[in-house]
Amino acid sequence: MHTHPDRIAILDFGSQYSQLIARRVREANVYCELFPWDAPPEKVQALQPTGIILSGGPNSVYDPGAPSLGDYVLQVGAPVLGICYGMQLLARACGGVVAPSSHREYGQTSIEIQPSRLWAANVPQALSVWMSHGDRVDQVPAGFHTIAHSANTPIAGMADEARGIYAIQFHPEVNHTQHGRDIIDQFLHQVCGCGSSWTSAGIIDESIARIRAQVGTRPVICGLSGGVDSSVTAALVHRAVGDQLTCVFVDTGLLRKGEGEQVIETFQREQGIRLVAVDASEDFLEVLQGVTDPEEKRKRIGEKFVRIFEAQIAGLGIQPAVTNSKTVLLAQGTLYPDVIESRGPERQAAAKIKTHHNVGGLPKDMQFELLEPLRFLFKDEARAVGSALGLPDSIVWRQPFPGPGLAVRILGDVTWERLERLRAADAVLQEELRRADLMRATSQSFAVLLPVRAVGVMGDGRTYSEVIAIRAVTTDDFMTADWARIPYEVLARISSRIVNEVHGINRVTYDITTKPPATIEWE
């Protein structure tokens, strides 16, 4: 179903930034697909790529069993861009020398560039870039010349202009690299000759075709939380298969204040989508009783979701699935970052960060076939699709909310008392950010209930109560994030209201950690 005139194949060698490369390619309005490094050559070649990008990775090219470069990559005849580990693979495959560096480079590094078709006209000769490597190319292969260098890396970039093969040691896909997007754009549009045909309309058209091909005449159940991802999934699937879709909204008891009522109002009454509401708060609290490990929380919540969906089949008049024939599909709003951090089945080379309940927490014996139309979209793409489908801004621009809900924002035991405490504190935070017109300025903001108690003084008496941490970040890709510089007076109002209005809280802290090294969520 390759309906796009220009197609980029990205080979993933295990970098945490691999899907971020895909995001940058799509931002340039060019279609791309991501493949594991050891994908069958015929599968990659079937894409008929206009260009190929090789990602970074955690290995050394000379280690036994390290991911290698398939011979076909240089035989396809399409331009190639190698990034970090991808550069070292190209050097080794073409006869160059790769060796451990005496000075490893991690973080911001200054480089100087030499003339090359890879550099856009606005890229300055001196450039600050993001490095993350312990090996380096010590000798370029025959036919290549050096196009960039740093103080510690004499060959920070190389090119065989005649064959359209380029390689850079730094990461142009991350925000830390100056003119990184310009470099990727130059490779796509000038080196590969790509146009700019990848748009929201194109995403919708192709997604609908894929959904219809997978679904056929079978019924679909969508787990609708009211968040951006599941909402766009529901709207997209409904556009594709209409009344074959039934949305199931499960009130887990782990939602934010007033969220359940808003979801029912929007989708059942405004969008006209068949919606079944299920109150399962007691069920979820029961499976979480005494569980403090975040991975175990996610797995139990993921399994409970599926069991509840399975229980809805009879009530919806759908015949139960039979052995080896999954007659019902489960639509989920899984996005790229979920797959990255969970190390989904197509990402086994990457380091696992945490399990997302809808990727690694699903039971192996579930009766559904998964339908994940957003699995290879980033948040901004999902939002653009939602707007194009006519979803209201209140849904499209809702801040991300984790599938396991407040369970992973309560560190330690999840009890009804602690849930109500966190719900109330989070509501105060959201109200004050809206009042200060900061909801769009902060990409994600929420409260976290910590598993510690602190001494305080209220009404001349000693208190020993729990602590709330406020987390607010700014980001455009959710792969990296910075803490939001919320004005002090706004933070002061938030803190004052929480300790005065939320029983059992006497201290509020503000998390000023970037991602990395932290993740956005605490669990």
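**Two open sheets and the helices on them**

In this predicted model, let's start with an open sheet of 9 strands, whose order is β2-β1-β3-β4-β9-β8-β7-β5-β6 and whose pairing is mixed. At its edges stand β2 (31–36) and β6 (126–139); each has a single partner strand, so one side of each has no neighbour in the sheet. From one strand to the next, the twist averages 20°.

For a closer look at the pairing, follow β7 (residues 145–150) and β8 (residues 157–160), which run antiparallel to each other and share 3 bridges. You can find one specific pair here: Thr146 has Met158 in β8 as its bridge partner.

Now bring in a helix. Helix α4 (residues 85–93) lies across β3 (51–54), β4 (80–83), β5 (97–113), β6, β8 and β9 (165–168). Relative to β4, helix α4 runs at about 120°.

Further along the chain numbering, there is another open sheet to explore. It has 5 strands in the order β12-β11-β10-β13-β14, and here the pairing is parallel. The edge strands are β12 (275–279) and β14 (369–371), each of which pairs on one side only. In this sheet the twist averages 30° from one strand to the next.

Within this sheet, β10 (residues 220–223) and β13 (residues 329–331) pair in the parallel sense over 3 bridges. Here Cys222 finds its bridge partner in Ala331 of β13. This sheet also has a helix packed on it: α6 (residues 200–215) touches β10, β13 and β14. The direction of α6 makes about 170° with that of β14.

Conventions: Residues are numbered from 1 along each chain as its sequence is written. This is a predicted model: local features need pLDDT of at least 70, side-chain atom pairs count only at pLDDT 80 or more; totals for chains, interfaces and linings use all residues. Side-chain values use heavy atoms; hydrogens and water are left out. Two strands pair if DSSP finds at least two bridges between them. Helices (H or I, at least four residues) and strands (E, at least two) are DSSP runs, numbered from the N terminus. Axes are lines fitted to C-alpha atoms, for helices over the stretch in contact, and angles run from 0 to 180 degrees between N-to-C directions. Contact means heavy atoms within 4.5 Å.
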